[in-house]
Amino acid sequence: MSKALTYLAKTRPEAASSLLDFYKHSVKSLDDKTRYLIQIVTKVTVGTERGLRQYAPKALNAGASREEILDAVLMAFPAAGLNKVLDAIDIMREMDLLPEAPNTDSVVAEEQSLGMLERFPMQRMQCVQRAGGDLIVYRTQADAVVVYSARCPHSKANLCRGTDHGTQVECRVHNWTFDLATGTCLQPLGGSGLQMVPSVVRDGQIFLEA
Ligand code: FES
């Protein structure tokens with residue numbers, strides 16, 4: 001429930017409970033995923049960023065794919081117009097809730113090489129784009145190199161678009177946080193850790209191990 005509804009429930013309990021009853025009883029036949037996808041269409045149409053940020057992750061959690069979320073955003077176009085749709089796409093991309101565009105940027109030239117070690121400052125998360133999926137490269141305080149898949153183990157968001165806290169990275173979608181030296185999930189405790197990708201440093205370069 002939004003903060004505004006919580007406030008209304010306290011200050012105007014009769015009005016708020018009628019409103020909430022309406023929501024509860026008016027939609028009986030749609031499953032959660034369909035309901036949240038329709039919510040996305042309505043939020044884009046009226047241009048409410050907060051509502052979009054609230055319901056789009058719910059659609060993902062209810063089983064919608066990123067393609068379906070993009071479809072829902074685009075379905076709003078006839079009523080919302082181009083600008084609202086483009087604004088929604090910006091928000092959804094920032095939250096990593098849309099399918100990735102085909103990667104036309106240059107990927108690492110040599111298939112197994114991630115580049116020279118000196119390109120990667122110590123204790124700073126660095127992302128490497130690769131056709132097979134982005135990677136996170138991290139040099140620990142003890143100068144060991146660790147490489148991880150950038151896919152969040154929770155729901156596959158791209159952690160390269162997460163928040164870099166220096167020795168930790170926080171996923172933007174549901175805020176899971178990972179220790180970059182070990183890949184351990186710190187928040188929530190007991191969550192799955194980052195998937196490590198075997199690598200080796202040879203002749204001053206970082207290579208993926210076959
Ligand atoms: S996708 Fe849920 S925390 Fe990353």
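Q: How many residue pairs are in polar contact across the interface of domain 1 and domain 2?
A: Let's start with where the two parts are: in this predicted model, domain 1 covers 3-94 and domain 2 covers 113-208. Salt bridges do not help us here, as the count between domain 1 and domain 2 is zero. Polar contacts do turn up across this interface, and the number of residue pairs found is two.

Q: Which element gives the most residues to the side of domain 1 that touches domain 2?
A: Six residues of domain 1 are in contact with seven residues of domain 2. Across the interface, two residue pairs are in polar contact. The elements giving two or more residues to the domain 1 side are α4 and α7 (82-94). With three residues, the one that gives the most is α4.

Q: What percentage of the area buried between domain 1 and domain 2 do carbon and sulfur atoms give?
A: The C-alpha centres of the two domains lie 33 Å apart. Between domain 1 and domain 2, an area of about 500 Å² is buried. The share of it given by carbon and sulfur atoms is 39%.

Q: Is A64 buried or exposed?
A: First find A64 in the loop between α4 (49-61) and α5 (66-75). Beyond its neighbours within four places in sequence, A64 is in contact with K33, L37, A59 and I69. Its relative accessibility is 4%, and buried means under 20%, so A64 counts as buried.

Q: How far apart in space are A64 and K28, C-alpha to C-alpha?
A: Along the sequence, A64 and K28 are 36 residues apart. In space, going from C-alpha to C-alpha, the distance between A64 and K28 is 19 Å.

Q: Which residue forms a salt bridge with E68?
A: The structure holds five salt bridges, so there are several to explore. In the one with E68, the closest N and O atoms are 3.2 Å apart. This pair links distant parts of the chain, with E68 in helix α5 and its partner in helix α3 (residues 32-46), 35 residues away. E68 is partly exposed at 28% relative accessible area, and the partner, partly exposed at 25%, is K33.

Q: Which residue of the salt bridge between R161 and D96 counts as buried?
A: The closest N and O atoms of R161 and D96 are 2.6 Å apart. The two residues are 65 residues apart in the chain, with R161 in the loop between β4 (145-149) and β5 (163-164) and D96 in the loop between α7 and β1. R161 has a relative accessible area of 28%, which means that R161 is partly exposed. At 4% relative accessibility, the one that counts as buried is D96.

Q: Is R139 buried or exposed?
A: R139 meets D143 in a salt bridge, with 3.0 Å from N to O. D143 is partly exposed, with a relative accessible area of 38%. For R139 the relative accessible area is 12%, and the cut-off for buried is under 20%, so R139 is buried.

Q: With which side chain does the side chain of S113 make a polar contact?
A: S113 sits in strand β1 (residues 113-116), and at 4% relative accessibility S113 counts as buried. The side chain of S113 reaches the backbone nitrogen of G115 at 3.2 Å. The side chain of S113 also makes a polar contact, at 2.6 Å, with the side chain of Q205.

Terms used:
Residues numbered from 1 in each chain as written. Predicted model: local features only at pLDDT ≥ 70, side-chain atom pairs only at ≥ 80, totals over all residues. Heavy atoms only, no water. Helix = DSSP H or I, 4+ residues; strand = E, 2+ residues; numbered from the N terminus. Buried < 20%, exposed > 50% of the residue type's maximum accessible area, 1.4 Å probe, protein only. Contact = heavy atoms within 4.5 Å. Domains from an automatic or database assignment. Buried area = accessible area lost by both parts, 1.4 Å probe. Salt bridge = Lys/Arg side-chain N within 4 Å of Asp/Glu carboxyl O. Polar contact = N/O pair within 3.5 Å; in protein donor to acceptor, adjacent residues only side chain to side chain.
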